[in-house]
Amino acid sequence: MPQTTRVILGAFALSMAGFAAQAGDIEAGAAAFASQCQNCHNVTDSDGEVLAGRPNVRTGPNLYGVFGRQAGTYDGFRYGASLVEAGEAGLEWTPDNMTPYLLDPVSFLRETLDNNRARSQMSFRVRDEGTAADIIAFLTQFSDVAEDEDAEAAAEG
Ligand code: HEC
């Protein structure tokens, strides 16, 4: 493995550890979602109600229920091959693994698939972990697992 890759992996490990300790701020996350994500994504429930973002935005997949969902499987969305492959290999979104994805989707997919040619169709990157944590806290409201994870966190103390 090239040295640079190792350095990046180390940074991922650190950022994931940092994230686990960090609780995001839902209100800041709502604002960050509006400025950084909603050009491409919205959150639409199974009744077709738009809970975040704007209607008819389909550049990126619907993020309703994204936590616990296998990556690359929102019905009807045309994903890139690498994200689909990662999902087939077992990638399911959690708050922890979404952090490095948001910070650098290409590196995340290359690392996950152990393939330096993996590509992402999401070209956007969130600049810092704190913002990623806020957006993730905001998004967990629209997934069932959010409550389970909160319960787990509470149980762990
Ligand atoms: C410029 C458009 C664009 C922006 C801005 C954008 N995304 Fe994406 N996003 C995409 C596309 C396109 C994909 C599909 C990626 C692929 O197929 O490789 C995607 C995929 C995703 C996925 C994987 C979903 C799944 O079903 O597997 C998540 C999670 C995600 N984006 C979250 C976000 C968040 C959170 C933000 C804001 C910080 C954001 N995205 C900003 C276009 C965008």
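**Exercise 1. In which strand is Thr44 found? Place the residue, then describe its surroundings.**

Step 1. The coordinates belong to a predicted model, and in this model Thr44 is found in strand β1, which covers residues 43-44.

Step 2. The relative accessibility of Thr44 is 17%, and because buried means under 20% relative accessible area, Thr44 counts as buried.

Step 3. Leaving aside the neighbours within four places in sequence, the contacts of Thr44 are Glu49, Val50, Asn62 and Tyr64, while a polar contact of 2.9 Å joins the side chain of Thr44 to that of Asn42.

**Exercise 2. Where is Asn42 found, and what does its side chain reach at 2.7 Å?**

Step 1. Asn42, the partner of Thr44 in the 2.9 Å side-chain contact, is found in the loop between α2 and β1.

Step 2. With a relative accessible area of 5%, Asn42 is buried.

Step 3. The side chain of Asn42 reaches the backbone oxygen of Arg54 at 2.7 Å, and Arg54 is also one of the residues that Asn42 touches when those up to four places away in sequence are not counted. Among the others on that list are Phe33, Val50, Gly53, Asn62 and Leu63.

**Exercise 3. Which members of the largest nonpolar core touch the most other members? Trace the helices that supply this core.**

Step 1. The largest nonpolar core has 29 residues, of which Phe33, Trp93 and Leu139 touch the most other members.

Step 2. At least two residues of this core come from each of α2 (26-36), α3 (81-88), α4 (95-103), α5 (105-113) and α6 (129-140), and α6 gives the most, with five residues.

Step 3. For Leu139, once its neighbours within four places in sequence are left aside, the contacts are Phe33, Val43, Leu63 and Phe67. Phe33 also appears among the residues that Asn42 touches.

**Exercise 4. Which residues come nearest to the ligand, and which polar atoms lie at 2.6 Å, 2.7 Å and 2.8 Å from its oxygen atoms?**

Step 1. There are 26 residues around the ligand, and those that come nearest are Cys37, Cys40, His41, Tyr79 and Met122.

Step 2. A polar side-chain atom of Tyr79 lies 2.6 Å from an oxygen atom of the ligand, a polar backbone atom of Gly80 is 2.7 Å from a ligand oxygen atom, and an N or O atom in the side chain of Trp93 is 2.8 Å from an oxygen atom of the ligand.

Step 3. Two or more residues of the shell come from each of the elements α4 and α6, with α4 giving the most, three residues.

Step 4. Sorted by class, the shell around the ligand has 17 nonpolar, eight polar and one charged residues.

**Exercise 5. How many salt bridges does a search of the whole structure find, and why does the pair Asp104 and Arg125 tie together parts that are apart in sequence?**

Step 1. The search finds one salt bridge, which Asp104 forms with Arg125, the closest N and O atoms being 3.4 Å apart.

Step 2. Asp104 lies in the loop between α4 and α5, whereas Arg125 lies in the loop between α5 and α6, so the pair ties together parts that are 21 residues apart in sequence.

Step 3. As for accessibility, Asp104 counts as buried, at 13% relative accessibility.

How values were computed: Residues are numbered from 1 along each chain as its sequence is written. This is a predicted model: local features need pLDDT of at least 70, side-chain atom pairs count only at pLDDT 80 or more; totals for chains, interfaces and linings use all residues. Side-chain values use heavy atoms; hydrogens and water are left out. A nonpolar core is a set of buried Ala, Val, Leu, Ile, Met, Phe, Trp, Tyr and Cys residues joined through side-chain atoms within 4.5 Å. Buried means under 20% relative accessible area, exposed over 50%, partly exposed in between (1.4 Å probe, protein chains only). Helices (H or I, at least four residues) and strands (E, at least two) are DSSP runs, numbered from the N terminus. Contact means heavy atoms within 4.5 Å. A residue is near a molecule or strand if one of its heavy atoms lies within 4 Å of it. A polar contact is a pair of N or O atoms within 3.5 Å; within protein, one must be able to donate a hydrogen and the other to accept it, and residues adjacent in sequence count only if both atoms are side-chain atoms. Ala, Val, Leu, Ile, Met, Phe, Trp, Tyr, Cys and Pro count as nonpolar, Asp, Glu, Lys and Arg as charged, and the others, Gly among them, as polar. A salt bridge is a side-chain nitrogen of Lys or Arg within 4 Å of a carboxyl oxygen of Asp or Glu.
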